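Here are a few exercises to work through with the model open. Try each one before reading its solution.

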Amino acid sequence: MPENHKKNFRFRYLIDKEFQLKFLAHYSLLFISGVIVTLLSLYWLNQSKYDGGAVFRLRQDAQTVYWKVENEDAAPGEAKEKFVPREIYLPNYDHKLDRYEIQKDAVVTLSVLYLFLITVFSIFKSHKMAGPVFSIKRSLQRMASGEPIETIRIRKGDEFQELVEVLNEVIQKRMNDQSKKST
């Protein structure tokens, strides 16, 4: 194998696309089903326990109200109290916003973030599995076709370390048997 090919091969994370994408799909389906169960639980909880869970938001238009204050500058004979106009924003109850809607938005936002993290994790994790499987498969195909046998090499931290060690022992024995037959 040329040195340049080895260098590029190490940074390719989708080695066995079918296996790795299936691995990702399983994690994603598990996660999405968890999100659906969470949303259904929140909906049921808010509908049954909090009678719809109504919340409010403030209106966009100000309402003018008059506050009764003491009139310190009142002249003799004038009223000691006066009414001062003030604008306030009142709650708007004629909308469909409730606790479930607020919680749903938060759950969906976090779910998108978690789905992204799961995607990244599963690609890297499956790479540590697919790399050794690819090397084992390639070595076994060489063995079956009668090509020269080499030991299987995998990186530190890859999965299936024990399996590779056992297969390397088998390959080593076969290489020893071939060298004894040729001498």
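**Exercise 1.** Find the buried residues of α4 and work out how they sit around the helix axis.

*Solution.* Start with burial, meaning under 20% relative accessible area, with exposed over 50% and partly exposed in between (1.4 Å probe, protein chains only). On that cut-off, V164, L167, N168 and I171 are the buried residues of α4. Next, look down the axis: these residues fall within an arc of 105 degrees, taken from the directions from the axis to the C-beta atoms, so they line one face of the helix. As a reminder, an α-helix has 3.6 residues a turn, so residues three or four places apart point the same way. Now flip to the face turned away from the buried side: the exposed residues there are E162, E169, K173, K180 and K181.

A word on the source: this is a predicted model, where local features need pLDDT of at least 70, side-chain atom pairs count only at pLDDT 80 or more, and totals for chains, interfaces and linings use all residues. Residues are numbered from 1 along each chain as its sequence is written, and side-chain values use heavy atoms, with hydrogens and water left out.

**Exercise 2.** Compare the reach of α4 with its expected span.

*Solution.* Helix α4, a DSSP run of H or I with at least four residues, takes in residues 161-182, 22 residues in total. The expected span is 1.5 Å times one less than the number of residues, giving 32 Å. From first C-alpha to last, α4 reaches 31 Å, close to that value.

**Exercise 3.** Check the chain over residues 106-124.

*Solution.* The unreviewed UniProt entry annotates residues 21-45 and 106-124 as "transmembrane region"; such annotations may be inferred rather than shown by experiment. Over 106-124 the chain is 100% helix and 0% strand, with end C-alpha atoms 27 Å apart.

Definitions and conventions:
Helices (H or I, at least four residues) and strands (E, at least two) are DSSP runs, numbered from the N terminus.
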